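Trainee: Pick the charged side-chain pairs in this model and take me through them slowly. Then put them back into the fold for me, and tell me how far I can trust the coordinates.

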Amino acid sequence: MSFLENIAMIFGSLQVECKDFDDIVGTVLTNYNVEHNGKNVILSLLCKEKLLETCLTHITENCGNVDPVHYLAMMKKVSTLMQDITHSTEALEVHSTVDLLLNPLARGNEIKENANPNYNSKVKPEMVMTDRLFELLSKKHHGDKTLMTKDASLFIRLLKKHAKNDVKLQIFEKILKNDLDDSFWRVCLELESSIVTLKRQYQDNDNKIIKH
């Protein structure tokens, strides 16, 4: 069941007329520049949050007219949808940080002595990546060590949480733990690029055969 179908089910339990539902949801979607033609609607996390806020408002306003069992069911559904949004938001934040840390690796660059005075050939990859993380957090928090440490702890916790179902985060976690060398990430990117190139060539050859 899609997110909008869940929202429709909640409003249906509130006995909101279809026309009113279309107006309410349509207004939110329009405000977030979402084309809502009923097919393959892609919603941003902010748009989903706004739709859930709208649901909660209507549930609160009509709680006196709703059967208690239906009320509890609706609140449970809203809570589940909100947890899904939180999970997605966390995963996006972790990916954003990982991308910033891995970008130099993707370009084939290494931490140079002038970029990190403490860097030398004997520094373990784990320490190098940790230095990169704290350098990133230092810029974000203007050197505030308390905020840097707090943010680093949060990042590690969320990384462990979301790496369970995400191959990219699993690879980064192993690099951070020194189980994999930094260069492994470049190998992955090169392999991915090769697969994409081969797939395109295969599709091009297929198209040529069909034309003949």
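Mentor: Let's start with K161, which is partly exposed at 37% relative accessibility (that label covers 20% to 50% relative accessible area, with buried under 20% and exposed over 50%, using a 1.4 Å probe and protein chains only). Its partner E90 counts as buried, at 15%. The two form a salt bridge, with the closest N and O atoms 2.8 Å apart (the rule asks for a side-chain nitrogen of Lys or Arg within 4 Å of a carboxyl oxygen of Asp or Glu). This pair ties together distant parts of the chain: K161 sits in helix α6 (residues 145–163) and E90 in helix α4, 71 residues apart. In general, side chains of opposite charge can pair when their charged atoms come close.

Some housekeeping before the other pairs. This is a predicted model, with residues numbered from 1 along each chain as its sequence is written. Side-chain values use heavy atoms, without hydrogens or water, and local features need pLDDT of at least 70, side-chain atom pairs 80 or more, while totals for chains, interfaces and linings use all residues.

The rule gives 6 salt bridges, including the K161–E90 one. Another is the pairing of E53 with K50, at 3.9 Å from N to O. That one stays inside a single element: both residues belong to helix α3, 3 residues apart, or about one turn. E53 is partly exposed at 42% relative accessible area, and K50 is also partly exposed, at 36%. E173 and K177 make one more bridge, with 3.7 Å between the closest N and O atoms. Here E173 is buried at 16%, whereas K177 is partly exposed at 46%.

Now the fold around them. The chain has 8 helices and 0 strands (DSSP runs numbered from the N terminus; H or I for at least four residues makes a helix, E for at least two a strand). Helix α3, home of E53 and K50, also matters for the greasy side of the story. The largest nonpolar core has 21 residues, and F3, I7 and L51 touch the most other members (a core is a set of buried Ala, Val, Leu, Ile, Met, Phe, Trp, Tyr and Cys residues joined through side-chain atoms within 4.5 Å). Helices α1 (3–13), α2 (18–31), α3 (45–61) and α4 (68–106) each give it at least two residues, and α3 provides the largest share, 5. Apart from that core lies another one of 20 residues, with L101, A152, L158 and L169 among them.

Take F3 as a worked case: beyond its neighbours within four places in sequence, it is in contact (heavy atoms within 4.5 Å) with L43, K48, L51, L52, L81 and I85. Across the whole chain, 57% of the contacts with a separation of 6 or more join residues 24 or more positions apart. Of the 212 residues, 29% are buried.

And trust? Mean pLDDT is 79, and 82% of residues reach 70 or more (it is the predictor's confidence in each residue, from 0 to 100). The stretch to watch is residues 105–127, where pLDDT stays under 50 and the model has 27 contacts beyond four places in sequence. Where pLDDT is low, the predicted coordinates should not be read in detail.
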